[in-house]
Amino acid sequence: MAEYPQALGFLVVAVTAGQGTIPLPGALVTVSAQTEDGPVLYRAVRTDASGRTPVLELPAPAKSESTSPDQPTPYLNYTVNVALPGYQTEEVRDISIFPGIASTLPVQLSPATGKQSQPNIIDLPPEVLNSPPVRKEGR
């Protein structure tokens, strides 16, 4: 990520249960990214009474660089981890953050059942923003 001149993109995470109908306050939301030097934690926040994080400012490539043909992608990818006692932890990977764009990531938590030490992992298809996420159970 250090190769890009820095701009900002914006992300709000909306955490719910019950098919998206029940907001979950107090969920711990962490936002990280894999860099050449290893993983970097960018934000760690809790959801408010409406189950939403504040607007998170995240580094993104500058708009001038994102339209340059020699740049592979006009965005940077992040991983969001959402944890709340009594619920299964969710990890959403490959979240695209574009410069100057505000995005909302909905995350639905399921009640925890027994011993679940690994989070549910959701991989967003690369470069396809409107595709349904692909859930990978058991990882």
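Let's start at one residue and work outwards: S96 is found in strand β7. Strands here are DSSP runs of E with at least two residues, helices are runs of H or I with at least four residues, and both are numbered from the N terminus. Before going further, please keep in mind that this is a predicted model, in which local features need pLDDT of at least 70, side-chain atom pairs count only at pLDDT 80 or more, and totals for chains, interfaces and linings use all residues. Residues are numbered from 1 along each chain as its sequence is written, and side-chain values use heavy atoms, leaving out hydrogens and water.

Back to S96, which has a relative accessible area of 11% and is therefore buried. Buried means under 20% relative accessible area, exposed means over 50%, and partly exposed is in between, using a 1.4 Å probe and protein chains only. The strand around S96 fits that picture: 6 of the 8 residues of β7 are buried, so the strand is largely enclosed by the rest of the structure. The side chain of S96 also makes a polar contact with the side chain of N77, at 3.2 Å. A polar contact is a pair of N or O atoms within 3.5 Å; within protein, one must be able to donate a hydrogen and the other to accept it, and residues adjacent in sequence count only if both atoms are side-chain atoms.

The backbone tells a matching story, since S96 is the bridge partner of N77 in β7. Another such pair is L76 with its bridge partner I97 in β7. Strands β6 and β7 pair in the antiparallel sense over 6 bridges, where pairing requires that DSSP finds at least two bridges between two strands. The hairpin of β6 and β7 has 6 residues between the strands, and G86 takes a positive phi near 90° there. Strand β6 also pairs with β3, again in the antiparallel sense, over 5 bridges, and L28 stands opposite A83 in β6.

Now look along β6 itself. In a regular strand the side chains alternate between the two faces of the sheet. In β6, L76, Y78, V80 and V82 point to one face and are buried, while N77, T79, N81 and A83 point to the other and are not.

That buried face leads us to the interior. The largest nonpolar core has 26 residues, and those with the most contacts inside it are V13, V15, Y78, V80 and V82. The elements giving two or more residues to this core are β1 (6–17), β3 (28–35), β4 (38–46), β5 (56–61), β6 (76–83), β7 (90–97) and β8 (102–108). Such a core is a set of buried Ala, Val, Leu, Ile, Met, Phe, Trp, Tyr and Cys residues joined through side-chain atoms within 4.5 Å. Leaving aside residues up to four places away in sequence, the residues that V15 touches include I22, L24, V29, V82 and V107. Contact here means heavy atoms within 4.5 Å.

Y78 deserves a second look, as its relative accessible area is 1%, which makes it buried. The structure holds 1 aromatic pair. Its members are Y42 and Y78, whose ring centres are 5.4 Å apart with planes at 80°, so the pair is edge-to-face. The pair links distant parts of the chain, with Y42 in strand β4 and Y78 in strand β6, 36 residues apart. For reference, rings of Phe, Tyr and Trp (its six-membered ring) pair if their centres lie within 6.5 Å; planes under 30 degrees apart count as stacked, over 60 as edge-to-face and the rest as tilted.

Strand β7 has more to show. The side chains of R93 and E91 meet in a salt bridge, at 2.8 Å from N to O, and the count for the structure comes to 1 salt bridge. The rule asks for a side-chain nitrogen of Lys or Arg within 4 Å of a carboxyl oxygen of Asp or Glu. R93 is partly exposed at 26%, whereas E91 is buried at 15%.

Most residues other than glycine have a negative phi. D94, placed in strand β7, has a positive phi near 60°. Q19, in the loop between β1 and β2 (22–23), likewise has a positive phi near 60°, and Q19 counts as exposed at 71% relative accessibility.

Stepping back, the chain contains 1 helix and 10 strands, running β-β-β-β-β-α-β-β-β-β-β from the N terminus.
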